[in-house]
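Thanks for making the time this morning. I would like to walk through one structure with you, going from its packing to its strands, then to an internal space and finally to a loop.

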Amino acid sequence: MPISRFPEGLIPVFLILMAACTNLRVEEATASKEQEEELSGLKLSKQYCQGCHLYPEPELLDKGTWKKYVLPRMGYVLGIYENDTVRASLFETGQGGEKVRKANIFPEDPLIPSAHWEKIVEYYLTASPDSLGSVRRDYVEFDQFEVIAPRYKLSPPSTTLVHFTNNGEFYLGDANSTSLMHFNASLNLTKTGKVPEGAVHIHETTHALWITAMGSFSPTDAPSGMLLRFPKGQGKPVIIVDSLQRPVHSSFADLDQDNRMDIVISKFGKWTGGLSWWKMNNDGSYRKNSLSTQPGAIRTNISDLNNDGLPDIVALFGQGDEGIFVYYNQGGGKFRVKKVIALPSSYGSSYFDLFDFNKDGQQDIIYTAGDNGDYPPLMKPYHGIRIYANKGNNEFKEELFLPLNGAYKAIPEDFDGDGDMDIAAISFFPDFQHQPEEGFVYFENKGDMNFQAQVFPKISNLGRWLVMDASDWDQDGDTDIILGSLTFEVVPKMNYVNTWVKNGIPFVILKNLNR
């Protein structure tokens, strides 16, 4: 999921505004000189820059980011390079590079006349702001939770997965040690097993754990990821599906009404990827059915949105064509897709889930934007948490925006037991220079859509929070939280990484003091 490498995290978009527009073709220019002069940079940008994703408005990024990072990268997918060696450097070796070549992500020849491209560049550099302005937030210190750090140390902390069970125990995935660990409710390590690099998601059943492993923590198009099943009792782990391009999430449901459990896998990839559902065959094997070939699939939620008795698939995509898509189940393993929320490519989509926000019986959407790893982190005023209310017929409208720099995940829950929905949120890209405490923020619902943002400053020195889960850890009737830390560079350079590595804290528990 950006850094573009971290999923649910995330981990999240890899290079913004970089949809693989291989369907774009530019005919030989036949316009008169007068007509060419009338083609402004604005008109040309509208012509070329919204065929594959929502139109990128110049004010979404500052002038320096456009010039140094985004415009050159946009040029690459249009076949425009600074010199002959740039294109070759964009391909990794092995299968990953071959997949990118086959998809023609970086064409050999320009797909746009050079005069048009120069006008587009000039337009963005003229129309974009020098800066995005102040994005400082107002926070108060919270007293809702007690922070509990474990005795167990792991350095460097590289947590990519935390997952509560129903009895206060939990699992933790660590990328650096390629391990899956089990902790009891007393925070003692009880079991450790090896998994492929980047265990990022667990689906737990009575008899097994289904583990989604990226295969490579670093961005790649190589098909090295897999879905494995670990028996809870005796037996060895089994690879269910392999050769996946950085899968970051899996959902499970009987999609074709044959009384067998099918699987939906989100393959984030890098330049290539996709979303597929895997049909369970009579012999227990699985057969792939593609839903989308675009990269950046982050996660899915399966729910019967249109109340026709068939499970639909709701999917969040980052990368170029960011947005939330619904794959309506037509029966017989067929799906019809509709984009229900279109998002700008600079948002950095990181997470979504379904829940009934206004208690009207319809599924609403909670969504976070905050991935900020495609270039030196830029504080963006539009990063944060959004709630989209279902207005009927699955037409969604933004009802709430809670600003949060670098928001990575948000969990809606009545944490204080007063009957309304609060929100716990993490940021992987907080404003480390000015407000590092916003790595975890508790939004307490004060009623009438008024949420008070609360923080705990001391938590900043304990870790950099990539993943989060919530459950009644101590079995006292309220909801507690676990945060997983992944140490990574902080820009501008600060001493946080050294502190995190030295302390070796892979997770913390936020014990709810409501009961």
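Let me begin with tyrosine 367, and with the reminder that this is a predicted model. Leaving aside residues up to four places away in sequence, tyrosine 367 touches Leu316, Glu322, Ile324, Leu343, Tyr347, Ser349, Tyr351, Phe352, Gly384, Ile385, Arg386 and Tyr388. Tyr367 also belongs to the largest nonpolar core, which has 42 residues, and there Tyr124, Ile324, Ile341, Ile365 and Tyr367 touch the most other members. If you ask which elements give two or more residues to this core, they are the helices α3 (41–48), α4 (63–76) and α7 (114–127), together with the strands β16 (312–317), β17 (323–331), β18 (334–342), β19 (349–355) and β20 (364–369). There is also a second core, separate from that one, with 38 residues, including Phe164, Phe429, Tyr442 and Leu466.

Let me turn to strand β24, which covers residues 422–427 and has six of its six residues buried. The covering applies to both faces, with Asp422, Ala424 and Ile426 buried on one side and Ile423, Ala425 and Ser427 buried on the other. As for its partners, strand β23 (residues 407–413) runs antiparallel to β24 and is joined to it by six bridges, with glutamate 413 standing opposite aspartate 422. Strand β25 (residues 440–445) is likewise paired with β24 in the antiparallel sense, here over four bridges, and in that pairing isoleucine 426 has phenylalanine 440 as its bridge partner.

What about empty space inside the model? The second largest cavity holds about 70 Å³, and among the 13 residues that line this cavity, Phe432, Pro436, Gly439, Gly463 and Trp465 are the closest to its centre. By residue class, the lining of the second largest cavity divides into seven nonpolar, four polar and two charged residues.

I will finish with asparagine 259, which is found in the loop between β11 (247–253) and β12 (262–267). Is asparagine 259 buried or exposed? Its relative accessible area is 76%, and because the cut-off for exposed is over 50%, asparagine 259 counts as exposed. For a sense of distance, the C-alpha atoms of asparagine 259 and tryptophan 473 are separated by 33 Å, the two residues being 214 residues apart along the chain.

Definitions and conventions:
Residues are numbered from 1 along each chain as its sequence is written. This is a predicted model: local features need pLDDT of at least 70, side-chain atom pairs count only at pLDDT 80 or more; totals for chains, interfaces and linings use all residues. Side-chain values use heavy atoms; hydrogens and water are left out. On a 1 Å grid over the protein atoms alone, a cavity is a set of points where a 1.4 Å probe fits but cannot get out, and a pocket is an open set with protein on both sides within 12 Å along at least five of seven lines; lining residues have an atom within 4 Å of a point. Grid points are joined across faces, edges and corners, and a volume is the space filled by probe spheres set on the points. Ala, Val, Leu, Ile, Met, Phe, Trp, Tyr, Cys and Pro count as nonpolar, Asp, Glu, Lys and Arg as charged, and the others, Gly among them, as polar. A nonpolar core is a set of buried Ala, Val, Leu, Ile, Met, Phe, Trp, Tyr and Cys residues joined through side-chain atoms within 4.5 Å. Buried means under 20% relative accessible area, exposed over 50%, partly exposed in between (1.4 Å probe, protein chains only). Contact means heavy atoms within 4.5 Å. Two strands pair if DSSP finds at least two bridges between them.
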